[in-house]
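Grab a pencil and work through these exercises one at a time. Try each task yourself before you read its solution.

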Amino acid sequence: MTTTTRDWALHLGVIALLLAANFLLPEYHRGVFSRVLVLAVFAMGYNLLFGYTGLLSLGHAMFFAAGLYGAGLPLYHLGWSVPVSFGTGLLAGIAVAAVVGVLALRTTGVAFMIVTMMFAQVFYLGTLYFTTWTRGEEGLVLSQAMRSVEFGGWSLNLSDPSTRYMLALALFAVVLLALMRLVRSPFGRTLVAIRENEERMRMLGYDVFRAKLTAVVVSGLFCAAAGAAYGLLFGYVGSGFASIQYSILPLLWVLLGGAATTLGPLLGTLFMFYIIDYSSGYTAAYLLVVGVALILLVLFFPKGLLGSVRERWLGWLP
């Protein structure tokens, strides 16, 4: 079996298992998986920039929130349809990522991280300032009527658990397969080479700035898609999703699952969600449990769960 065939078989197999989970999981866990699948898309967007390109950002909540508000505000205030609102969320994410990328990529290393964090903080404060439209921390609740999709005489209810799960899975599948194709392409290998030795790639004649800017924009697109989907599927748009703390989450998910692995973000998001969910049911000090789990993972799986498995046993994992 060729590497390409094996990669496609693995990813399609994961998607098939997640599809079967919609019919096998209890309602509570199906709801959890719906949320995890959307947030895993957020983590995959972050992974493209951090894991494959080597750029540490603390501003990705800004891209997620750009999609969230880009979809939620037209739907809430202007009465636009769900598909059009989702499209405006994607465009908002692309626009913000392009502007931030052009400015932030003038720096490198720690300076890049600080600049992205500053941009994210400005975006967050903007959501608090324009409370007439955003309602700040209180946020906007998107009613079921707003989130209904009409196709002729057929209606799609986004608040239905099964429908929500299938749409979250559809988004996850599209982004997962797109990411797999991207990182296996010559462009994806260029990003990895830039991560390993940027100066050498520049000496070989590659346009490093253009490649990194493209990575920022695509990463922002994926994160905005997750934000737009989150708002439309779960019916809430709030400033908390634009906070700096929300930029740290995808970094943790990627590190837990394995940076520069296509399925690591899903594994890391799922692991983090459930360890918080279960530990909070037993103790109010659940963050202590999470901290101990993270320390153990760093000690025994320094490259993340899937990254360490790839390094030690299954070197063919993408």
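## Exercise 1: Salt bridges

R195 is partly exposed, with a relative accessible area of 31%. In this exercise, buried means under 20% relative accessible area, exposed means over 50%, and partly exposed is in between (1.4 Å probe, protein chains only). Before you go on, know that this is a predicted model: local features need pLDDT of at least 70, side-chain atom pairs count only at pLDDT 80 or more, and totals for chains, interfaces and linings use all residues. Residues are numbered from 1 along each chain as its sequence is written, and side-chain values use heavy atoms, with hydrogens and water left out.

**Task.** Find the salt-bridge partner of R195, then work out which residues are joined into one network by salt bridges that share partners.

**Solution.**

Step 1. Get the rule straight: a salt bridge is a side-chain nitrogen of Lys or Arg within 4 Å of a carboxyl oxygen of Asp or Glu. The structure holds 6 of them.

Step 2. R195 pairs up with E196, and their closest N and O atoms are 2.8 Å apart. E196 is exposed, at 55% relative accessible area.

Step 3. Now look at K212, which forms a salt bridge with E198, the closest N and O atoms being 3.3 Å apart. This pair links distant parts of the chain: K212 sits in helix 10 (residues 208–234) and E198 in helix 9 (residues 198–203), 14 residues apart. Helices here are DSSP runs (H or I, at least four residues), numbered from the N terminus. K212 is buried, with a relative accessible area of just 3%, while E198 is partly exposed at 23%.

Step 4. R202 bridges to E199, with the closest N and O atoms 2.8 Å apart. Because R202 and E199 are 3 residues apart in helix 9, about one helical turn separates them. R202 is partly exposed at 38% relative accessibility, and E199 is partly exposed at 48%. Salt bridges with shared partners join E198, E199, R202 and K212 into one network.

## Exercise 2: Two polar side chains

**Task.** Are T116 and S308 buried or exposed, and which backbone oxygen does the side chain of each one reach?

**Solution.**

Step 1. Place T116: you'll find T116 in helix 5 (residues 109–129). T116 has a relative accessible area of 3%, so it is buried.

Step 2. Check for a polar contact, meaning a pair of N or O atoms within 3.5 Å; within protein, one must be able to donate a hydrogen and the other to accept it, and residues adjacent in sequence count only if both atoms are side-chain atoms. The T116 side chain reaches the backbone oxygen of M113 at 2.8 Å.

Step 3. Look at what surrounds T116. Contact means heavy atoms within 4.5 Å. Leaving aside neighbours within four places in sequence, T116 is in contact with S57, L58, G59, M62 and A104.

Step 4. Do it again for S308, in helix 14 (residues 305–312). S308 has 0% relative accessibility, so it counts as buried. Its side chain reaches the backbone oxygen of G304 at 2.9 Å. Again leaving aside neighbours within four places in sequence, S308 is in contact with F301, P302 and K303.

## Exercise 3: How the helices pack

**Task.** Which helices do the buried residues of helix 14 pack against, and which helix gives the most to the largest nonpolar core?

**Solution.**

Step 1. List the buried residues of helix 14: L305, L306, G307 and S308. They pack against helix 11 (244–257), helix 12 (264–280) and helix 13.

Step 2. Turn to helix 11, whose buried residues include Y246, P250 and W253. The buried residues of helix 11 pack against helix 2, helix 3 (60–78), helix 5, helix 12, helix 13 and helix 14. After helix 11 comes G258, with a positive phi near 125 degrees.

Step 3. Go to the core. A nonpolar core is a set of buried Ala, Val, Leu, Ile, Met, Phe, Trp, Tyr and Cys residues joined through side-chain atoms within 4.5 Å. The largest one has 94 residues, and L18, L37, V38, F64, F172 and L266 touch the most other members. Helix 2 (residues 27–52) gives the most to this core, with 16 residues.

Step 4. Zoom in on F64: leaving aside neighbours within four places in sequence, its contacts include L39, F42, Y230 and Y246.

Key
Helices (H or I, at least four residues) and strands (E, at least two) are DSSP runs, numbered from the N terminus.
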